[in-house]
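Student: I'm new to this one and would like a close look at a single part of it. Could you walk me through that part slowly and then show me how the rest fits around it?

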Amino acid sequence: MNIMIASDIHGSAHYCREMMAACVREKPDKILLLGDLLYHGPRNNLPGEYDTKKTAEMLNSLAGKVLCVRGNCDSEVDQMMLDFPIMAEYCLLCVKDRMIFATHGHVFNTKNPPAISEGDILLHGHTHIPAWEVFGNSNVYVNPGSVSIPKGGSQHSYIMLDDEGFTWKTLDGTEYYRLNI
């Protein structure tokens, strides 16, 4: 299984278009979106080419491949514009013998972890900062960063997940970190 993981598009048609180009290049089996798809949120500046209608159109073209969780900026109105479900609080994936708990990060995070077993992986966006770190006894926290509004000096990014692990990439496809699982 080859899964592209992206978060925090925040209605930027420009960066969504770049993410779509990465999808063409990567040819993922599935695309996991970690929320905050259309609305930019009151704490963020408007991202480049802010256009929720164009962003929704592009994302809808991927509807058959998308898994999605709800971000703190996603609402029922956003769901009305999208052709795939976006209102789930979390999604569970299994890779090898590890469970991945995927969520946006505003409810479940390393300070308020979900009920996961030792060795499981917590995957979330929300912070707009890429991460790969151990927390608790043996759990791993993974974050793809943000497609449109990166923070903390990070770049516009996403993750590719395969049977061996996670690979962080910039939107132009440059690999900058690999975490084997």
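Does Asp74 count as buried or exposed?

Tutor: Asp74 counts as buried, at 5% relative accessibility. Keep in mind that this is a predicted model, and every value here is computed from it. Let's start with Asp74 and work outwards.

Asp74 sits in the loop between β3 and α3. Setting aside its neighbours within four places in sequence, Asp74 is in contact with Gly35, Asp36, Leu37, Leu38, Val69 and Ile86. If you click on those residues one by one, you'll get a feel for the surroundings of Asp74.

Now stay in that loop and look at Arg70. Arg70 also lies between β3, which covers 66–68, and α3, which covers 76–81. The relative accessibility of Arg70 is 19%, and the cut-off for buried is under 20%, so Arg70 counts as buried. Again leaving out neighbours within four places in sequence, Arg70 is in contact with Gly35, Ile86, Met87, Ala88, Glu89, His104 and His106. Put that list beside the one for Asp74: Gly35 and Ile86 appear in the contacts of Asp74, and Gly35 and Ile86 appear in those of Arg70 too.

Next, step back to see where this loop belongs. The protein chain has three helices and 11 strands. Read from the N terminus, the order of elements is β-α-β-α-β-α-β-β-β-β-β-β-β-β. The radius of gyration is 15 Å, close to the 16 Å that the globule rule gives for 181 residues, so the chain is as compact as a globular protein of that length. Its C-alpha trace spans about 45 × 35 × 30 Å along the principal axes. Of the 181 residues, 55% count as buried. Take the contacts between residues at least 6 apart in sequence: 55% of them join residues at least 24 apart.

The outside deserves a quick word as well. The accessible surface comes to about 8100 Å², and carbon and sulfur atoms account for 52% of that. As for charges, there are 15 positive and 22 negative side chains, and the centres of the two sets lie 3 Å apart.

From Asp74, let's travel to another region. Trp168 is 94 residues from Asp74 in sequence, and their C-alpha atoms are 24 Å apart in space. Trp168 belongs to an aromatic cluster, together with Trp132, Phe166, Tyr176 and Tyr177. Across the whole structure, a search finds seven aromatic pairs. One of them is Trp132 with Trp168, an edge-to-face pair with 4.8 Å between the centres and 65° between the planes. Trp132 is in strand β7 (residues 131–135) and Trp168 in strand β10 (residues 165–170), so this pair ties together parts that are 36 residues apart in sequence. The rings of Phe166 and Trp168 have centres 6.1 Å apart and planes at 45°, so that pair is tilted.

How covered are these rings? Trp168 counts as buried, at 0% relative accessibility, and Phe166 is likewise buried at 0%. Trp132, however, counts as partly exposed at 29%.

Another place to visit is Arg25, found in helix α1 (residues 13–26). Arg25 counts as partly exposed, at 41% relative accessibility. Along the chain Arg25 and Asp172 are 147 residues apart, yet their C-alpha atoms are separated by 9.6 Å. Beyond its neighbours within four places in sequence, Arg25 is in contact with Tyr158, Leu171, Asp172 and Gly173.

Finally, here are two backbone oddities to look for. Lys96 has a positive phi of about 55° although it is not a glycine. You'll find Lys96 in the loop between β4 (90–95) and β5 (98–103), where Lys96 is exposed with a relative accessible area of 52%. His128 has a positive phi too, about 70°, and is not a glycine either. His128 lies in the loop between β6 (121–124) and β7, but unlike exposed Lys96, His128 is buried, with a relative accessible area of 2%.

So, back to where you began: Asp74 is a buried residue in the loop between β3 and α3.

Definitions and conventions
Residues are numbered from 1 along each chain as its sequence is written. This is a predicted model: local features need pLDDT of at least 70, side-chain atom pairs count only at pLDDT 80 or more; totals for chains, interfaces and linings use all residues. Side-chain values use heavy atoms; hydrogens and water are left out. Helices (H or I, at least four residues) and strands (E, at least two) are DSSP runs, numbered from the N terminus. The radius of gyration is taken over C-alpha atoms; the globule rule is 2.2 Å times the number of residues to the power 0.38. Buried means under 20% relative accessible area, exposed over 50%, partly exposed in between (1.4 Å probe, protein chains only). Contact means heavy atoms within 4.5 Å. Accessible areas come from the Shrake-Rupley method with a 1.4 Å probe; for residues, only the protein chains shown count as cover. Lys and Arg count as positive and Asp and Glu as negative; His and the chain ends are not counted. The place of a charge is taken as NZ of Lys, CZ of Arg, CG of Asp or CD of Glu. Rings of Phe, Tyr and Trp (its six-membered ring) pair if their centres lie within 6.5 Å; planes under 30 degrees apart count as stacked, over 60 as edge-to-face and the rest as tilted.
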